Amino acid sequence: MPTNPIANLVNRSNALPTLHELFPVPCSLFPLTPTPYSLLPTPYSLLPTPYSLMPDKKVFTPEMTADGSFTFFCSEIGESYHSRQGAIEEAQLKFVKPCQLAEKAQQPVLRLLDICYGLGYNSAAALAEIWTHNPHCHVQLVALELDSTVPQAAIAQGWLNHFANPIPQLLEALATTGLVETQQLQAQLYLGDARETIQQVQQANFQADAIFLDPFSPPNCPQLWTLEFIQHLAQCCSDTGRLATYSCAAAVRIALITAGFTIGSTIEVGNRQPGTVASFTEADLPSLSIREQEHLQTRAAVPYRDPNLSDSASDILHRRRHEQQNSLLEATSHWKKRWLREQRE
């Protein structure tokens with residue numbers, strides 16, 4: 001596998017600054033100090049009637065998943081936020097476990113970077129795993145989210161109450177104020193296009209022990225699966241850190257490899273395909289199957305590109321289609337037919 005081409009460009013300090021030191025000027029929407037819980041508005045979970053119609057008129061349609069947890073269906077994208085085989089199960093099996101948070105919890109400080117925070121399940125499951133194994137581990141969480149109404153809507157439904165205290169209260173404060181500082185947790189929620197906010201994280205030299213990459217699927221949200229965006233993620237990952245995503249798309253995996261990661265395959269959730277885990281070393285990474293390796297040699301592996309981190313989804317998709325048409329790699333459809341034929345022989 002290729003070596004990391006950017007590791008030497010990043011100052012990976014061993015110092016452990018607070019989030020205030022890392023991010024001295026939070027998003028202007030958030031106060032500089034967290035609001036005490038006693039002064040917060042009435043918790044959404046205690047409202048007489050949970051609601052899915054937020055003040056900005058966005059409608060979130062609740063859906064129950066197979067493990068009993070709920071998710072939302074996003075009509076704008078045409079996708080659910082989580083696998084219907086189990087929203088919380090997906091958080092645990094596709095993100096928490098592959099990042100080895102149980103083992104990393106033995107560190108005095110553990111840093112998490114949650115891309116597309118959404119309903120908050122991934123961060124909630126991570127905190128539960130960490131504090132189960134070490135209640136004294138201090139967690140620094142940086143979460144990036146485009147739309148504040150998404151985590152607020154999940155709070156309104158009371159869905160984070162599945163997790164043990166104080167996780168629901170902490171993440172409710174995060175969704176409400178954008179900033180939490182306690183003895184156990186320092187967390188900051190940045191709103192806006194993740195292609196912009198990730199650059200703030202990188203400039204602050206935040207070095208994550210675990211990165212959760214959880215946007216909508218590449219065809220619907222190619223902006224956050226491009227080679228350029230993933231290169232920024234690589235610069236925010238510590239030398240021993242791990243990145244996990246539910247996607248096994250060849251274009252995503254090639255982008256991770258090009259950014260310097262070594263990749264492995266994670267287990268399936270329900271009838272979904274396996275996900276991907278990435279790190280800068282091969283240690284303990286589950287290997288790709290022969291079929292997965294061959295998939296990376298087809299046109300499906302042509303990565304999404306966004307040179308200035310500012311192109312529209314349609315422009316990114318159009319560019320990739322053009323590059324695929326001109327690629328010398330085997331057509332993916334031909335490879336699939338050949339693979340099936342060879343397996344029957």
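1. Buried means under 20% relative accessible area, exposed means over 50%, and partly exposed is the range in between. That cut-off is needed for K97, which has a relative accessibility of 45% and therefore counts as partly exposed. The structure discussed here is a predicted model, and the points below should be read with that in mind.

2. On confidence, the mean pLDDT of the protein is 84, and 81% of its residues reach 70 or more. Residues 1–18 stay under 50 in pLDDT, although the model has 38 contacts beyond four places in sequence for them. The stretch of residues 20–56 is also below 50, and beyond near neighbours in sequence it has 73 contacts in the model. Where pLDDT is low, the predicted coordinates should not be read in detail.

3. As for the overall make-up, the protein contains 12 helices and 11 strands, and of its 345 residues 56% are buried. Among contacts with a separation of 6 or more, 73% are between residues 24 or more positions apart. The exposed area of the protein is about 15500 Å², of which carbon and sulfur atoms supply 52%.

4. Strand β7 deserves a careful look, and one may ask how many of the residues of β7 (residues 185–191) are buried. The count is 7 of 7, so the strand is largely enclosed by the rest of the structure. The cover extends to both faces, with L185, A187, L189 and L191 buried on one side and Q186, Q188 and Y190 buried on the other.

5. The pairing of β7 involves two strands of opposite sense. With β5 (residues 138–145), β7 pairs in the parallel sense over 7 bridges, and within this pairing Q140 stands opposite Q186 of β7. With β6 (residues 179–181), β7 pairs in the antiparallel sense over 3 bridges, and V180 has A187 in β7 as its bridge partner. Strands β6 and β7 form a hairpin, with 3 residues between them.

6. Helix α2 (residues 87–96) is mostly covered, since 7 of its 10 residues are buried, namely A87, I88, E90, A91, K94, F95 and V96. These residues cover an arc of only 155° around the axis, which puts them on the same side of α2. An α-helix has 3.6 residues a turn, so residues three or four places apart point the same way. The elements against which the buried residues of α2 pack are β2 (70–74), α3 (101–104), α4 (121–133), β8 (208–213) and β9 (237–245).

7. Helix α9 (residues 250–258) is likewise mostly covered, with 7 of its 9 residues buried. The residues concerned are A250, A251, V252, R253, A255, L256 and I257, and they pack against α8, β9, β10 (262–265), β11 (276–279), α10 and α11. Just after α9, G260 takes a positive phi of about 110°.

8. Turning to charged pairs, the structure holds 7 salt bridges. Side chains of opposite charge can pair when their charged atoms come close. One of the bridges joins the side chains of E129 and K97, at 3.1 Å from N to O. This pair links distant parts of the chain, with E129 in helix α4 and K97 in the loop between α2 and α3, 32 residues apart. Of the two partners, E129 has a relative accessibility of 15% and so counts as buried, while K97, at 45%, counts as partly exposed.

9. Which residue forms a salt bridge with E228? The partner is R305, and the closest N and O atoms are 2.5 Å apart. R305 lies in the loop between α10 (290–295) and α11 (313–325), and E228 lies in helix α8 (residues 227–235), so the pair ties together parts that are 77 residues apart in sequence. With a relative accessible area of 8%, E228 is buried, whereas R305, with 30%, is partly exposed.

10. A further salt bridge is formed by E330 and R338, whose closest N and O atoms are 2.9 Å apart. Here E330 is partly exposed, with a relative accessible area of 30%, and R338 is partly exposed, with 24%. In addition, D193, R195 and D306 are joined into one network by salt bridges that share partners.

Terms used
Residues numbered from 1 in each chain as written. Predicted model: local features only at pLDDT ≥ 70, side-chain atom pairs only at ≥ 80, totals over all residues. Heavy atoms only, no water. Buried < 20%, exposed > 50% of the residue type's maximum accessible area, 1.4 Å probe, protein only. Helix = DSSP H or I, 4+ residues; strand = E, 2+ residues; numbered from the N terminus. Arc of directions from axis to C-beta. Contact = heavy atoms within 4.5 Å. Salt bridge = Lys/Arg side-chain N within 4 Å of Asp/Glu carboxyl O. pLDDT = per-residue confidence, 0-100. Areas by Shrake-Rupley, 256 points an atom, 1.4 Å probe, with all protein chains shown as cover. Pairing = 2+ DSSP bridges.
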